[in-house]
2 protein chains.
Amino acid sequence: MATIYEVAALAGVSPATVSRVFNGLAVSEEKQRLVRDAAARLAFTPNKTARRLRKRSSEIIALLIPDIENPFYTALARGVEDRAQESGFSVVLCNTDDDPGKELRYLQIAASEQMAGVILSPASDEVDLGAIVSLGRPVVAVDRTTPYPVDAVKIDNRSAGIAATKALFDAGYRRVACIAGPAGIEATEDRVHGWRQVVASRMREGYLRHANFRVDGGHAAMTHLLALDTPPDAVVTTNNLMAVGALQALVEAGISPETFGVAAVGELPFMALAPASVVQVRLPARHLGTTAATMLLERIAGDAQPLRTVVLRAEVAPPASPREEWARKESAL
Amino acid sequence: MATIYEVAALAGVSPATVSRVFNGLAVSEEKQRLVRDAAARLAFTPNKTARRLRKRSSEIIALLIPDIENPFYTALARGVEDRAQESGFSVVLCNTDDDPGKELRYLQIAASEQMAGVILSPASDEVDLGAIVSLGRPVVAVDRTTPYPVDAVKIDNRSAGIAATKALFDAGYRRVACIAGPAGIEATEDRVHGWRQVVASRMREGYLRHANFRVDGGHAAMTHLLALDTPPDAVVTTNNLMAVGALQALVEAGISPETFGVAAVGELPFMALAPASVVQVRLPARHLGTTAATMLLERIAGDAQPLRTVVLRAEVAPPASPREEWARKESAL
DNA sequence: GAAGTCTAAGAAATCGATTTCGTCAAGACC
DNA sequence: GGTCTTGACGAAATCGATTTCTTAGACTTC
């Protein structure tokens, strides 16, 4: 790896001039040519570490998500990445596993690596963003919120919960249960509120279950619900993976998803394989990512407007036939 | 962010001593205490950028994968991350989209960010690893291989292809087609060889289709196959997502997956939703990741043994009932 | 033509760690 | 007691860019 000094020596100019050429500062045509020739001959690439040490910032943004194996978050990551690429930024994907310890460790790394900013979906309300924020690094919360004063992009979760539940009532189901994520996460609580609002007086004791956001959690919760004296005849899950688990449990219990209503807030992964009767409330995952990235990049560029919270509306989708489903996905590419 | 100098001043020692304390070098008990107290009081965190500039290397490894939305690769990423964490390394996930341009860009970033090493699944045989390799950075190829002299972890692809095809023959299907990934990628070619070997003389012209590794590719290929004068009665796909696409096409054509044989090299994502009759050859994705990470970390630590290629055997799985399927996943956690 | 204004470009400081080199004192050895 | 090790630790160099100063010309302006 050639350095700026070697280039300078070969070009017969000072290192400062080489730096200026590569940063687009005023340098005469003549010397620019000399420098570029020398750089090309030496296959010079500026050392980003040195640059970062001096500038005290890099062109890297950290993205902290709770579960890299959940398609919702990979789609979100996609969105962030696309937007970042456009501006010449790289994205470092960090998987927190919803573990506050891992989350904290990644936040420290982001700080000590002088990353330009952070986009995160907090593992809990207790995230300590103090260090990052006081360092002046911009932070954007996505999908979930935090008590810290940072920009946020979220989904209209209550409406999403209402929409999912209503769809089941409209289809004639009456004993509609709810499988929610862990208590204490605002996004899932809001969806539960939506469910509760629709279900209201009709709600039966014990029809609400908390699970762990993953397939096994949805499976266990559904199994419990089916074992009740008066089991529900339909269920709403507050995320995509728990719906998969619930469907598994139904299949195992010999219950056809056509007779038992299932609605999910979120899009079932690889939908083509799912029973067409499942109600899905589509969440704009990718869009969430691009929006968050756009906001973060604006802050990085120095935008100082007051804090913003953008709320994206979920699109209520009727059960689609695979054919339509496929066509929709195609056009989205 | 406090610096080593401020800590030194507060502790009444030289910056060198502070550095020594944090790197476990010989320092008297007395001064160690002074330094640690001062550091704690200032909430000192060493600046990794400065450290990296001096040491000319970091504790970060780059992982380049072709498709972050494919569960096979996220599972692989998981494996890499788990192993890296254990050794105090962080993983930067880079999504190449099978685009040589993006891949090259990420490789350059890895070099200029002085990352400790690279694990990649090359987008094509034309990857230019020259720069990284000549820099002395270790590289491990995973899932796919490259002509460069680097360590590799791959799957016994031909056997996997054979197993998938055989299972269909054993189930009584005779006109077994194959949907393969893009030509020129060794992993998929090998699986096709496996298919060809079993199918042999029985093979019909036109039963081999190349597609793009994604759901839409599998869908298009399957649609073409069904439109043939003598359509096949079963199909092998060389990856997981193309199988999903193929199943979509079957459903659309009104063909039940029970009557038309489907086998996939790879595990169908969120299997519980897939028809139980689909044959899957399980690929040890996560294991691939941990193995690659282990090899890379050994190289980073200075291991200079001759190049190694580890071949992992795929496990042939009979169509499983959802119940068994679920039990298996549970126990794997 | 003298004073004032720009501009290009080199010298040198700077970012914050690590590491080499020396120094000094304590203990080992003959 | 004098020489040799050995070990702790400070001074200063180093990593490779960016960013002040500075300075020397070129160009205005009255």
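This is a short talk on how two protein chains sit against each other and against two DNA strands in a predicted model.

Okay, some housekeeping. Residues are numbered from 1 along each chain as its sequence is written, chains are lettered from A and ligands numbered from 1 in the order in which they are written, and side-chain values use heavy atoms, with hydrogens and water left out. Since we're looking at a prediction, local features need pLDDT of at least 70 and side-chain atom pairs count only at pLDDT 80 or more, while totals for chains, interfaces and linings use all residues.

Let's start with the two protein copies. How are chain A and chain B superposed? You turn one by 180 degrees, with 0.0 Å of shift along the axis, and the RMSD comes out at 0.1 Å. That fit is by least squares on the C-alpha atoms of residues with pLDDT of at least 70 in both copies. So the two copies are related as by a two-fold rotation axis. The same surface serves both of them, too: 100% of the contact residues of chain A recur in chain B.

Now the interface itself. On each side we have 56 residues, 56 of chain A in contact with 56 of chain B, where contact means heavy atoms within 4.5 Å. Interface size is often given as the accessible area lost when the parts come together. Here the buried area is about 5,000 Å², and carbon and sulfur atoms give 59% of that. To be clear on the term, that's the accessible area, with a 1.4 Å probe, that the two parts lose on being put together, summed over both.

What about charges across the interface? Between chain A and chain B there are eight salt bridges, each one a side-chain nitrogen of Lys or Arg within 4 Å of a carboxyl oxygen of Asp or Glu. Take R78(B) with D67(A): their closest N and O atoms are 4.0 Å apart. Over all chains, the whole structure has 36 salt bridges. Another of them pairs E69(B) with R78(A), at 3.8 Å from N to O. E69(B) is in the loop between β1 (60–65) and α5 (71–86) of chain B, and R78(A) is in helix α5 of chain A, so this pair joins two chains.

We also get 18 residue pairs in polar contact between the two chains, both residues at pLDDT 80 or more. A polar contact is a pair of N or O atoms within 3.5 Å; within protein, one must be able to donate a hydrogen and the other to accept it, and residues adjacent in sequence count only if both atoms are side-chain atoms. Several elements of chain A each supply at least two residues to this side, including α4 (48–55), β2 (90–95) and α13 (322–332). The largest share, seven residues, comes from α5(A). Helices here are DSSP runs of H or I with at least four residues, strands are runs of E with at least two, and both are numbered from the N terminus. By class, the side of chain A that touches chain B has 30 nonpolar, 11 polar and 15 charged residues. In that split, Ala, Val, Leu, Ile, Met, Phe, Trp, Tyr, Cys and Pro are nonpolar, Asp, Glu, Lys and Arg are charged, and the others, Gly among them, are polar.

On to the DNA. Which residues come nearest to strand D? Of the 29 around it, those are I4(A), S19(A), R54(A), T17(B) and R56(B). Being near means having a heavy atom within 4 Å. Of the strand D atoms within 4 Å of the protein, 63% belong to sugar or phosphate and the rest to bases. R20(A) has a side-chain N or O atom 3.1 Å from a base oxygen of strand D, while R51(A) puts a polar side-chain atom 3.1 Å from a phosphate oxygen. The most residues on this surface, five, come from α4(A).

And strand C? There, 28 residues are around the strand, with T17(A), R56(A), I4(B), S19(B) and R54(B) coming nearest. R20(A) turns up again, with a polar side-chain atom 2.8 Å from a base oxygen of strand C. R20(B) has one 3.3 Å from a base oxygen of that strand. S14(A) goes for the backbone, at 2.8 Å from a phosphate oxygen. On this surface it's α4(B) that gives the most, with five residues. The classes here are 12 nonpolar, eight polar and eight charged.
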